[in-house]
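User: I am new to this structure and would like a close look at one part of it, with the surroundings described carefully enough that I can follow along in the model.

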Amino acid sequence: MAMKVNDLATHEIESVLLKKFGETLTRGALTWYSLFPEHSVDSFEMLVDSFIKAHAGAKKVQAHKADIFRIVQGESELLREFVTRFQREIMLLTAVLDEWAAGAFTKGLNPRSSDASRKLKESLLKFQAITSTNQR
């Protein structure tokens with residue numbers, strides 16, 4: 001009986017594990033993974049620990065519409081930061097309807113924070129008005 005042995009160095013194995021881990025994820029887990037800043041994961045062990053804390057270790061709570069609408073953009077929070085925080089907070093809840101998430105995100109945008117936030121909010125409100133008219 002022959003044994004197959006890999007010829008990878010330890011650091012190469014770590015690199016392969018990190019790369020393949022991300023390729024196995026879907027839906028919420030993939031969103032969680034994509035929110036990591038580039039080059040912020042030092043080891044596969046750290047990644048696994050973060051994953052367990054975020055998904056296996058944390059009990060998700062039933063979403064209430066009021067909870068979702070409490071997520072608002074801070075006065076000095078950049079649009080990019082708010083988008084990231086909104087996605088993280090939504091992932092901690094279960095059964096979030098797309099309509100709730102879209103409405104809460106739009107309502108949570110601070111129109112005074114930046115030109116980009118104000119323009120995005122205006123566009124989202126127009127889009128929601130158009131889609132709700134078309135669904136009738």
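Analyst: A good place to begin is leucine 120, which has its place in helix α7 (residues 115-134); helices here are DSSP runs of H or I with at least four residues, strands are runs of E with at least two, and both are numbered from the N terminus. The model is a predicted one, in which local features need pLDDT of at least 70 and side-chain atom pairs count only at pLDDT 80 or more, whereas totals for chains, interfaces and linings use all residues. Residues are numbered from 1 along each chain as its sequence is written, and side-chain values use heavy atoms, with hydrogens and water left out.

Leucine 120 has a relative accessible area of 28% and is therefore partly exposed, a class that lies between buried (under 20% relative accessible area) and exposed (over 50%), with a 1.4 Å probe and protein chains only. Leaving out residues up to four places away in sequence, leucine 120 touches Leu79, Phe105 and Leu109, where contact means heavy atoms within 4.5 Å. Threonine 106 lies 14 residues from leucine 120 in sequence, and the C-alpha atoms of the two are 8.3 Å apart in space.

Two of the residues that leucine 120 touches, Phe105 and Leu109, also belong to the largest nonpolar core, whose nine residues are Ile68, Ile71, Phe82, Phe86, Ile90, Leu93, Ala104, Phe105 and Leu109. A nonpolar core is a set of buried Ala, Val, Leu, Ile, Met, Phe, Trp, Tyr and Cys residues joined through side-chain atoms within 4.5 Å. Helices α5 and α6 (98-108) each supply at least two residues of this core, and α5 gives the most, with three residues. A second, separate core has eight residues, among them Leu18, Leu25, Leu47 and Met91. In soluble globular proteins, nonpolar side chains tend to be buried together.

Leu79, which leucine 120 also touches, leads on to glutamine 73, a residue in the loop between α4 (65-68) and α5 (79-91). With a relative accessible area of 5%, glutamine 73 is buried. Beyond its neighbours within four places in sequence, glutamine 73 is in contact with Leu78, Leu79, Phe82, Arg85, Gly108, Leu109, Asn110, Ser113 and Ser117. Its side chain reaches the backbone oxygen of glutamate 77 at 2.8 Å, and the glutamine 73 side chain also reaches the backbone nitrogen of asparagine 110, at 2.9 Å.

Glutamate 77 and Arg85 then bring charged side chains into the picture. Glutamate 77 forms a salt bridge with arginine 85, the closest N and O atoms being 2.9 Å apart; a salt bridge is a side-chain nitrogen of Lys or Arg within 4 Å of a carboxyl oxygen of Asp or Glu. Glutamate 77 is buried, at 14% relative accessible area, while arginine 85 is partly exposed, at 26%. Arginine 85 also meets the side chain of glutamate 89 in a salt bridge, at 2.9 Å from N to O. Because glutamate 89 and arginine 85 are four residues apart in helix α5, about one helical turn separates them, and glutamate 89 is partly exposed, with a relative accessible area of 29%. Through shared partners, the salt bridges join Glu77, Arg85 and Glu89 into one network.

By this rule the count comes to three salt bridges, and one of them pairs aspartate 67 with arginine 70, whose closest N and O atoms are 2.7 Å apart. Aspartate 67 is partly exposed, with a relative accessible area of 27%, whereas arginine 70 is exposed, at 59%. Side chains of opposite charge can pair when their charged atoms come close.

To set this part in the context of the whole chain, the secondary structure comes to seven helices and two strands, which follow the pattern α-α-α-β-α-α-β-α-α along the sequence. Of the 136 residues of the chain, 21% count as buried. Among the contacts in the chain with a separation of 6 or more, 55% are accounted for by residues 24 or more positions apart.

How values were computed: A polar contact is a pair of N or O atoms within 3.5 Å; within protein, one must be able to donate a hydrogen and the other to accept it, and residues adjacent in sequence count only if both atoms are side-chain atoms.
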